[in-house]
Amino acid sequence: MEAGVGKDSECPRTMDGSVINAETVAIPSCCLKAKGSDPELDAVCHSTVVSGWFSERRSSTDGTVKEVFFNNPMWPGEAHSLKVEEILFKEKSMYQEVMVFQSTMYGKVLVLDGIVQLTEKDECAYQEMIAHLPLCSIKSPTNVLVVGGGDGGVLREIARHDSVKLIDICEIDQMVIDVSKRYFPDLATGFEDPRVHLHLGDAIEFLRQVPEGNYDAVIVDSSDPVGPAQELVERPFFDMIARALRPGGVLCNMAESMWLHTHLIQDMITICRDTFKGSVRYAWTSVPTYPSGVIGFVLCSTEGPPVDFLQPINPIENLEENSLENKRQLKFYNSEVHRAALALPTFVKREVEALRD
Ligand code: SPD
């Protein structure tokens, strides 16, 4: 057994740190939904730590690990593993299982329903890109909406933009916010900005009551489309976002891996081309702890003043000069990286028909 990974440290814990009995906790509805999509497996997409290693895979409800459970439906046949120095938190919220552990090389790791959401080491490559790709593509963004993003990292990045006056965030799971404030203060600092307004609840419900044309930018920082985030890649959701954006407003939506999910990317791009009448582009970045080591974003603009995502019209370097004080320096994003992120490998252009110029 590895140091710090004793039997007791693998037990689920409540927010106050006391051990809870996993057997007595009901399976959340989101997991039943995921299980429903793959009914031959008596499994849930919960995280497992085996012999001191975490892998993105399934565990059976009795806690045993079977070969078949390595097959996460989002990335069948592969499981990236991180050595666990210590499990710091593990509890089931109303929506999902939330876990935090200390890894050897990547710092603390946030895991939702067995899937890595972020690590302290490489979170910059995701949060900076999902925030600045859209916000640097338009002049003077003022009103911004974040869907998901309960860890606060995207808020932290949006707050660099002095032109922004309002940052709404709609996150469904209070436990994600609480856990981030406790274990990831460098991300949760995003919630401290006075421009941030938290709306705890379902994003679809929230978007229904948002006034038309309210936002300059919407950023969808969701988990993978299994369980609670399933609806966030479907057509009605994109229709609601397009309605919430002003003419020439922009969307940046997490859009999985070009190595693993070309069908999903194709579907998203097709829906977005129907829905958003401005530009639609795909961008990508390197995040070593996500499956296949990369993740992408769909960038869209509504009809109105044209948006060229290829050229950052509102360069971050200008903002950085003004707003470096009291802010963590950017680690990943710059205007060169922005332009490079929009360049697509040949196989992506070939396989994702909707991306062909
Ligand atoms: N496959 C993992 C995708 C995770 C996307 N969301 C990350 C949340 C970080 N703010």
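These exercises explore the ligand site of a predicted model.

**Exercise 1. Find which residues surround the ligand, and sort them by kind.**

Step 1. Use the cut-off: a residue counts as near if one of its heavy atoms lies within 4 Å of the ligand.

Step 2. List the residues around the ligand. They are Trp75, Ile115, Val116, Gln117, Tyr126, Gln127, Asp151, Asp221, Ser222, Asp224, Tyr290 and Ile295.

Step 3. Sort them. The shell divides into 6 nonpolar, 3 polar and 3 charged residues.

**Exercise 2. Which elements each supply at least two residues of this shell, and which gives the most?**

Step 1. Two elements each supply at least two shell residues: β8 (115–119) and α2 (123–135).

Step 2. Pick the top contributor. β8 gives the most to the shell, with 3 residues.

**Exercise 3. Locate polar contacts of the ligand, then state how much of the ligand is buried.**

Step 1. Apply the cut-off: the pair of N or O atoms must lie within 3.5 Å.

Step 2. Start with Gln127. One of its polar side-chain atoms lies 3.2 Å from a ligand nitrogen atom.

Step 3. Turn to Ser222. Here a polar backbone atom is 3.0 Å from a nitrogen atom of the ligand.

Step 4. Add Asp224. A polar side-chain atom of Asp224 lies 2.9 Å from a ligand nitrogen atom.

Step 5. Check the cover. The ligand alone exposes 340 Å², and the protein buries 98% of that.

**Exercise 4. Describe the pocket whose space the ligand takes.**

Step 1. Identify the pocket. The ligand takes the space of the second largest pocket. The volume of this pocket is about 520 Å³.

Step 2. Examine the lining. It holds 40 residues, and Gln117, Asp221, Ser222, Ser223 and Ala229 lie nearest the pocket centre.

Step 3. Sort the lining. It divides into 21 nonpolar, 11 polar and 8 charged residues.

Step 4. Trace the elements. β7 (108–112), β8, α2, β9 (143–148), β10 (166–171) and β15 (294–301) each supply at least two lining residues. β8 gives the most to this lining, with 4 residues.

Note on methods:
Residues numbered from 1 in each chain as written. Predicted model: local features only at pLDDT ≥ 70, side-chain atom pairs only at ≥ 80, totals over all residues. Heavy atoms only, no water. Polar contact = N/O pair within 3.5 Å; in protein donor to acceptor, adjacent residues only side chain to side chain. Areas by Shrake-Rupley, 256 points an atom, 1.4 Å probe, with all protein chains shown as cover. 1 Å grid on protein atoms, 1.4 Å probe; cavity = no way out; pocket = protein on both sides within 12 Å on 5 of 7 lines; lining within 4 Å. Sits in = over half its atoms within 2 Å of the grid points. Nonpolar A, V, L, I, M, F, W, Y, C, P; charged D, E, K, R; others polar. Points joined across faces, edges and corners; volume = space filled by probe spheres on them.
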